[in-house]
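Subject: Handover of a structure and notes on its features

Dear colleague,

Please find below the structure that I am handing over to you. I would be grateful if you could keep it open while you read the notes that come after it.

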Amino acid sequence: MLYAETLNTPASQTELREENAPRLMEILDRYIVANIGEDMTLENMSDAVKISKFALTRLFHKHYKQAPMRWLWSFRAHLAKDVIEMDLGLPLMDVLTLCGFNSPQHFSRFFRKTFQQTPSALLKNLNREPNGPRDVQRLQQELYEAFDRVVIASLERYKASFKAATPV
């Protein structure tokens with residue numbers, strides 16, 4: 001950490017040891033799950049784990065090979081894909097809001113860049129098999145009530161994709 005950084009950073013934020021990384025990432029995971037629909041910034045994320053923005057950026061580059069905000073946007077896109085694939089009849093505006101995107105244009109552009117198709121194309125191309133009558137309103141309500149579980153499951157799958165892509 002640079003000397004100038006330590007002057008403006010509380011002592012608890014000046015140390016980032018590798019042995020603390022798993023605990024910090026666990027705290028950050030809980031913060032992300034609890035705040036996924038909110039406008040998160042690098043500062044919010046670094047405050048949640050009580051390290052500097054620079055230390056958080058280094059931590060993400062080491063573990064995920066990308067910047068924290070890029071990782072967050074990508075995770076949000078993966079979460080949106082998971083929610084769309086649940087095929088609950090949610091309007092895309094609800095999906096993007098649930099997943100923390102503020103702009104439909106940003107959501108669509110980032111989703112298309114990540115998955116090579118637009119969210120509306122994914123929704124249109126779902127293999128809808130007739131499973132008999134579904135209570136879509138009840139399923140939607142269950143999603144809203146238990147959204148944190150959906151976020152946690154999606155987060156675990158997303159993080160596992162980094163482990164699978166990283167040679168041991």
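The notes below go from the overall architecture to particular residues. Please bear in mind that this is a predicted model.

**Overall architecture**

The protein contains 10 helices and 0 strands. Read along the sequence, the pattern is therefore α-α-α-α-α-α-α-α-α-α. Of the 168 residues in the protein, 38% are buried. When one takes the contacts between residues at least 6 apart in sequence, 69% of them join residues at least 24 apart.

**Helix 5**

Helix 5 covers residues 68–85. How far apart are its end C-alpha atoms? They are 25 Å apart, and this agrees with the 26 Å that its 18 residues should span at 1.5 Å a residue. The helix is mostly covered, since 13 of its 18 residues are buried.

**Two residues with positive phi**

Most residues other than glycine have a negative phi. Two loop residues deserve your attention in this respect.

- Lys 50 has a phi near 60°, which is positive although the residue is not glycine. Lys 50 sits in the loop that joins helix 3 (42–49) to helix 4 (53–64).
- Asp 87 has a phi near 55°, again a positive value in a residue other than glycine. Asp 87 comes just after helix 5, in the loop that leads to helix 6 (92–98). Is Asp 87 buried or exposed? Asp 87 counts as buried because its relative accessibility is 14%, and the cut-off for buried is under 20%.

**Ala 21 and its partners**

Ala 21 belongs to helix 2, which comprises residues 21–35. Its relative accessible area is 0%, so Ala 21 is buried. Which residues does Ala 21 touch, leaving aside its neighbours within four places in sequence? Ala 21 is in contact with Leu 59 and His 63. Ala 21 and Leu 59 are 38 residues apart along the chain, yet their C-alpha atoms are separated by 7.5 Å.

**Salt bridges**

Side chains of opposite charge can pair when their charged atoms come close. The count for this protein comes to 4 salt bridges. Three pairs are described here.

The side chains of Glu 26 and Arg 30 meet in one salt bridge, with 3.1 Å from N to O. Both residues lie in helix 2, and they are 4 residues apart, about one turn of the helix. An α-helix has 3.6 residues a turn, so residues three or four places apart point the same way. Glu 26 has a relative accessible area of 46%, and therefore counts as partly exposed.

Another salt bridge joins Asp 29 and Lys 159, whose closest N and O atoms are 2.4 Å apart. This pair links distant parts of the chain: Asp 29 is in helix 2, Lys 159 is in helix 10 (residues 147–165), and their positions lie 130 residues apart in the numbering. Asp 29 counts as buried because its relative accessibility is 12%. Lys 159 also counts as buried, with a relative accessibility of 13%.

A further salt bridge is formed by Arg 157 and Asp 82, at 2.8 Å from N to O. Here too distant parts of the chain are linked, with Arg 157 in helix 10 and Asp 82 in helix 5, 75 residues apart. Arg 157 counts as partly exposed, since its relative accessibility is 48%. Asp 82 has a relative accessibility of 19%, so Asp 82 counts as buried.

**The largest pocket**

What is the volume of the largest pocket? The volume is about 280 Å³. The pocket is lined by 13 residues, and the closest to its centre are His 63, Tyr 64, Lys 159, Phe 162 and Lys 163. Helix 2, helix 4 and helix 10 are the elements that give two or more residues to the lining. Which helix gives the most? Helix 2 does, with 5 residues. By class, the lining has 5 nonpolar, 2 polar and 6 charged residues.

Two of the residues closest to the pocket centre, His 63 and Lys 159, have already appeared in these notes. His 63 is in contact with Ala 21, and Lys 159 forms the salt bridge with Asp 29.

Yours faithfully,

A colleague

How values were computed:
Residues numbered from 1 in each chain as written. Predicted model: local features only at pLDDT ≥ 70, side-chain atom pairs only at ≥ 80, totals over all residues. Heavy atoms only, no water. Buried < 20%, exposed > 50% of the residue type's maximum accessible area, 1.4 Å probe, protein only. Contact = heavy atoms within 4.5 Å. Expected span 1.5 Å × (residues − 1). 1 Å grid on protein atoms, 1.4 Å probe; cavity = no way out; pocket = protein on both sides within 12 Å on 5 of 7 lines; lining within 4 Å. Points joined across faces, edges and corners; volume = space filled by probe spheres on them. Nonpolar A, V, L, I, M, F, W, Y, C, P; charged D, E, K, R; others polar.
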